[in-house]
Amino acid sequence: KKHGKKAAEWRRVRAAWIRANPPSHEGQYVCGICGKAVHIDDMELDHVNPRSGSPESFADFSNLQPSHSWCNQQKSSRRLKPLISEDEYQLRKALDI
């Protein structure tokens, strides 16, 4: 487990993001990278625009999206086009997929 001031700040940001964006009734989110369901216990928050390019966006909720750990690791510090459109993402989220 990561320790230190930045890790503690990230845990607070993540908890606040989850409170503001609760999962479905089944504890699921839609991965913003691959579009598949990801359970809250397995979910990581991905920075849509990498932090390395804009460190001020570290805690910006509009720059965060749920993702699978694997998807987030593969994306790394790159800005990738999502595999699904924003409209499809919102539809899946609304349908609790």
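**Figure 1. The order of elements along the chain.** From the N terminus on, this predicted model runs α-β-β-β-β-α-α. That comes to three helices and four strands in the protein. Of its 97 residues, 34% count as buried. If you like contact maps, here is a number for you: among contacts between residues at least 6 apart in sequence, 61% join residues at least 24 apart.

**Figure 2. A tilted aromatic pair, tryptophan 17 with tyrosine 29.** The structure holds two aromatic pairs, and this view shows one of them. The ring centres of tryptophan 17 and tyrosine 29 lie 5.5 Å apart, and their planes meet at 45 degrees, so the pair is tilted. Distant parts of the chain are linked here: tryptophan 17 belongs to helix H1 (residues 5-20) and tyrosine 29 to strand E1 (residues 28-30), 12 residues apart. Are the two partners buried or exposed? Tryptophan 17 has a relative accessibility of 5% and counts as buried. Tyrosine 29 is buried as well, with a relative accessible area of 7%.

**Figure 3. Lysine 6 over an aromatic ring.** Here, please look at the face of phenylalanine 58: lysine 6 lies over it. The distance to the ring centre is 4.4 Å.

**Figure 4. Strands E3 and E4 side by side.** Strand E3 (residues 43-47) and strand E4 run antiparallel, joined by five bridges. To find your way along the pairing, start at histidine 47, whose bridge partner in E4 is leucine 64. Strand E4 (residues 64-68) is mostly covered, with four of its five residues buried.

**Figure 5. Glutamine 65 and its surroundings.** Which strand holds glutamine 65? This residue is found in strand E4. Its relative accessibility is 14%, and because buried means under 20%, glutamine 65 counts as buried. What does the side chain of glutamine 65 make a polar contact with? The partner is the side chain of aspartate 46, at 2.7 Å. Leaving aside residues up to four places away in sequence, glutamine 65 touches Gly32, Ile33, Glu44, Leu45, Asp46 and Val48.

**Figure 6. Confidence along the model.** The protein averages a pLDDT of 83, and 79% of the residues score at least 70. Which elements of the protein have the lowest and the highest mean pLDDT? Helix H3 (residues 86-95) has the lowest, at 70, and strand E2 (residues 37-39) the highest, at 96. A friendly reminder for anyone zooming in: where pLDDT is low, the predicted coordinates should not be read in detail.

Definitions and conventions:
Residues numbered from 1 in each chain as written. Predicted model: local features only at pLDDT ≥ 70, side-chain atom pairs only at ≥ 80, totals over all residues. Heavy atoms only, no water. Phe/Tyr/Trp six-rings, centres within 6.5 Å; stacked < 30°, edge-to-face > 60°. Helix = DSSP H or I, 4+ residues; strand = E, 2+ residues; numbered from the N terminus. Buried < 20%, exposed > 50% of the residue type's maximum accessible area, 1.4 Å probe, protein only. Lys NZ or Arg CZ within 6 Å of the ring centre and 35° of its normal. Pairing = 2+ DSSP bridges. pLDDT = per-residue confidence, 0-100. Polar contact = N/O pair within 3.5 Å; in protein donor to acceptor, adjacent residues only side chain to side chain. Contact = heavy atoms within 4.5 Å.
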